[in-house]
Amino acid sequence: MQNPKPAPLNFLPNDPTGATWALPEDAITRFGKGYQDHIGNSEIALSPDETYFAVGTRIGLWWYDVSSMSPIALWETEQGMIYAVDISPDGKLIALANWNSFIIIRDIQNGECITKIKRSEDRVIYKHLRFSPDSCMIAIVNGDGIVEMLDVHSGECIGQMERELNDKQINHNSKLHFSPEGQYIAASVMDQIYVWNSMAGTIIAKFTGRIIAFSPDSRMLACENSYRIHNPTSVPFASDVSVWDIVSGERISHFTEHKELVKAIKFSPCGQFLVSSDTSRTLLMWDLKKNVLKKSYVDYGRPFYLQDGTLLATVFTRGTIEVWDVEQREKLQTYEFPGESIGYKWFSKCPKLAIVYTLSNKLKISNKTQTYSTLREPICFPRKIQFIDGEVLALRGDTRDIVLWNIKNNQTQRISVQSEFNDSIKSFSILRGGDILVVNWNHDHNLYKVIKIRNAKGIPITEFAPPTQLGNDTIAISEERIAFAGKSGVIYLWDLKHSEVPRQFTGHTDHVKSLAFSPDGKRLASGATDKSVRLWDVDVGEEIATLPLNNPVFSMALAYSPCRKVIAGGMLREINIWCAEKLILLRSFPHQGITIKPFALAFSPCGRYLTSGTWWDKGMEKMAIRLWDVETGKNIHTFWGHTTDIETLTFSPDGIILASGSFDGTVLLWNLTPYIDT
């Protein structure tokens with residue numbers, strides 16, 4: 001039976017991309033679908049009939065149609081910040097957990113809330129949730145590995161799955177699994193697997209392992225057990241696979257043929273065979289009746305069994321996803337997505353989507369590569385955004401991409417910063433000639449690299465190893481210089497043209513949180529947790545002054561006005577405005593209520609206006625972006641839209657559009673013309 005179609009909440013037929021769905025007032029458009037947790041993979045759920053799937057992000061819940069791979073609805077935009085999602089086995093309900101500790105259950109057909117549950121007054125993150133096979137209960141697990149069973153309709157806690165106190169530990173990847181018949185529930189917590197009687201809440205068995213699978217008859221449990229290889233020649237870890245009798249706790253099979261870490265385990269529908277795949281793309285099949293290895297396959301990824309016993313597998317390479325019939329050795333389809341696109345990330349988190357799409361369209365073996373414009377959209381994590389001109393906005397993609405977004409025609413160009421594996425973009429700046437200066441961080445070698453990009457080609461300028469005390473560093477970029485600072489309070493300044501040895505600016509005694517160059521690059525402002533804001537002469541390398549504060553708090557954001565005459569500092573509960581020439585405090589803009597963290601700042605090109613963006617604080621559902629008149633201190637207007645921290649703001653060159661980048665994984669464009677003089 002086909003499951004009910006999700007209610008088309010916020011769907012606009014004239015916008016198939018979803019860029020204008022559920023926009024806040026005064027917003028023009030949105031870039032990005034919202035970021036997902038980078039560690040977990042419980043934010044995607046597939047309907048039982050495999051016709052729809054739901055994706056939980058930091059801005060809400062997206063519904064997609066499998067056959068077209070296009071968005072069909074956007075839910076939960078009031079708070080967003082969705083961490084875990086599951087669809088009931090009968091296809092009628094969806095459950096989700098958000099960062100505000102709520103578990104929400106909705107009717108899929110009409111979108112109405114059935115139950116809203118809050119199990120703790122503290123901000124508890126629920127890492128995973130799962131419906132029972134009869135759709136009457138959900139199991140939830142939090143970051144401490146505590147498992148609870150809840151009644152779907154009343155929200156009442158039916159039972160808590162107790163473990164020994166010394167077993168409780170923080171776990172970022174807790175996973176829940178109901179047995180097919182529903183009498184057992186298993187949770188993987190760190191390197192332990194617990195199996196409970198789902199109604200009594202009593203522990204049935206405890207095994208060592210991380211990845212688990214129940215047999216179709218619920219009598220057996222297969223699990224992976226990793227171990228360290230002594231004197232490794234290639235990889236430091238590998239895995240065994242064990243099969244246990246759940247009731248007796250007896251291990252009935254043990255397989256040691258894998259030479260690397262096992263990533264997936266599946267039982268065949270008949271229960272006679274078990275398959276597992278590892279990081280080397282080796283897929284092994286065991287005959288459980290005979291307790292022997294039956295077949296070995298190479299170059300296959302995650303395995304999936306169809307109900308008729310056909311064994312399929314997905315293979316991921318950077319930019320492509322392949323679906324194979326394993327036993328026939330036939331490639332069914334190849335899908336092409338850039339590695340930093342939402343499609344590649346979503347398919348990586350839920351590989352079954354590739355299988356389902358292939359089967360839903362009855363695709364045949366073909367050399368043709370399938371691509372989808374709706375899923376090729378770049379991942380957006382905009383800790384830095386900057387206009388290149390009146391039409392193109394540059395932003396940081398996921399970790400290795402700079403994305404150029406044409407706001408007029410909504411076209412994008414992805415610039416991949418050529419670098420070694422495990423490099424990530426820390427910051428960038430648009431230079432006057434249109435080049436992009438990128439600062440990369442190499443996690444393996446503790447090394448910064450500065451790369452100039454021209455015509456989409458990366459040209460390395462220099463590289464340097466920072467002092468280890470930099471820690472969680474702060475970066476500012478001018479045309480010719482880059483400043484770094486961290487926990488020690490020392491500021492390091494590299495002159496890209498004249499010196500490979502950094503100069504050190506000393507004065508701060510604690511963590512430097514904010515840096516800003518003057519527009520001509522001759523002065524540098526810095527703010528630290530020692531509750532001081534200092535101004536430096538860059539050419540001479542000396543401190544000019546310590547700026548006066550309205551209150552003894554530290555600055556999390558600093559910005560110079562385009563005319564170089566005014567400096568703004570975003571402090572807790574206020575914004576300070578200083579005269580950059582007389583070095584005096586001109587005025588303070590207080591922040592009242594819950595919007596007390598104005599930690600993103602930007603001046604308009606004319607210098608008359610200042611915008612401030614808030615970070616999340618307890619009680620907030622939407623973040624505030626305030627537009628200020630610099631001369632009078634008047635709050636001209638407040639925009640509300642992002643679901644969590646606003647990290648960066650920038651004006652268009654003509655000053656009539658404001659772009660805001662948020663930790664929620666989106667950029668919003670705001671229309672300023674009703675509120676400013678043009």
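Reader: Is glutamate 148 buried or exposed?
Author: This is a predicted model, and the value here was computed from it. Buried means under 20% relative accessible area. Glutamate 148 has a relative accessibility of 9%, so the residue counts as buried.

Reader: Which residue does the side chain of glutamate 148 meet in a salt bridge?
Author: Glutamate 148 lies in strand β12 (residues 147–151). Its partner sits in the loop between β9 (113–118) and β10 (126–131), so the pair ties together parts that are 29 residues apart in sequence. That partner is partly exposed, with a relative accessible area of 32%. The two side chains meet at 2.9 Å, N to O, and the partner is arginine 119.

Reader: How many residues apart in sequence are the parts that glutamate 50 and lysine 352 tie together?
Author: These two form a salt bridge, with their closest N and O atoms 3.4 Å apart. Glutamate 50 counts as partly exposed at 29% relative accessibility, and lysine 352 counts as partly exposed at 35%. Glutamate 50 lies in the loop between β2 and β3, while lysine 352 belongs to helix α2, so the parts tied together are separated in sequence by 302 residues.

Reader: How many salt bridges does the structure hold?
Author: Some of them are linked in a network, which takes in Arg481, Asp495, Lys522 and Asp539. Another joins glutamate 480 to lysine 497. Over the structure, the number of salt bridges is 20.

Reader: Is lysine 497 buried or exposed?
Author: Lysine 497 lies in the loop between β41 and β42, and glutamate 480 in the loop between β39 and β40 (481–485). Their closest N and O atoms are 3.4 Å apart, and the pair links parts of the chain 17 residues apart. Glutamate 480 is partly exposed at 29%. For lysine 497 the relative accessible area is 59%, and the cut-off is over 50%, so lysine 497 is exposed.

Reader: Which strands stand at the edges of the sheet β39-β40-β41-β42?
Author: This is an open sheet of four strands with antiparallel pairing. An edge strand here has a single partner, so one side of it is left without a neighbour in the sheet. The strands placed this way are β39 (474–477) and β42 (503–505).

Reader: Which residue in β42 is the bridge partner of isoleucine 491?
Author: Strand β41 covers residues 491–495 and pairs with β42 in the antiparallel sense. Three bridges hold between these two strands. In β42, the bridge partner of isoleucine 491 is phenylalanine 505.

Reader: Which residue takes a positive phi in the hairpin of β16 and β17?
Author: Strand β16 (residues 192–197) pairs with β15 (residues 184–189) over six bridges, and five bridges join β16 to β17 (residues 203–208). Both pairings are antiparallel. In the hairpin of β15 and β16, with two residues between the strands, methionine 190 has a positive phi near 55°. The hairpin of β16 and β17 has five residues between the strands, and the residue with a positive phi near 75° is glycine 201.

Reader: What is the phi of methionine 81?
Author: Most residues other than glycine have a negative phi. Glutamate 76 has a positive value near 60°, and it lies in the loop between β5 (70–75) and β6 (82–87). Methionine 81 lies in the loop between β5 and β6 and counts as buried at 7% relative accessibility. Its phi is positive, at about 50°.

Reader: Which element gives the most to the largest nonpolar core?
Author: This core has 36 residues, of which Phe53, Trp346, Phe347 and Leu375 touch the most other members. Elements giving two or more residues include β3 (52–56), β29 (330–336), α1 (342–349) and α2 (352–360). With five residues, the element that gives the most is α2.

Reader: How many residues are in the other core, which lies apart from the largest one?
Author: In the largest core, phenylalanine 347 touches residues including Met69, Phe316, Leu353 and Leu375. The other core lies apart, and among its members are Ala602, Trp616, Met623 and Phe639. Its number of residues is 18.

Notes: Residues are numbered from 1 along each chain as its sequence is written. This is a predicted model: local features need pLDDT of at least 70, side-chain atom pairs count only at pLDDT 80 or more; totals for chains, interfaces and linings use all residues. Side-chain values use heavy atoms; hydrogens and water are left out. Two strands pair if DSSP finds at least two bridges between them. A nonpolar core is a set of buried Ala, Val, Leu, Ile, Met, Phe, Trp, Tyr and Cys residues joined through side-chain atoms within 4.5 Å. Buried means under 20% relative accessible area, exposed over 50%, partly exposed in between (1.4 Å probe, protein chains only). Contact means heavy atoms within 4.5 Å. A salt bridge is a side-chain nitrogen of Lys or Arg within 4 Å of a carboxyl oxygen of Asp or Glu. Lists of a residue's contacts leave out its neighbours within four places in sequence.
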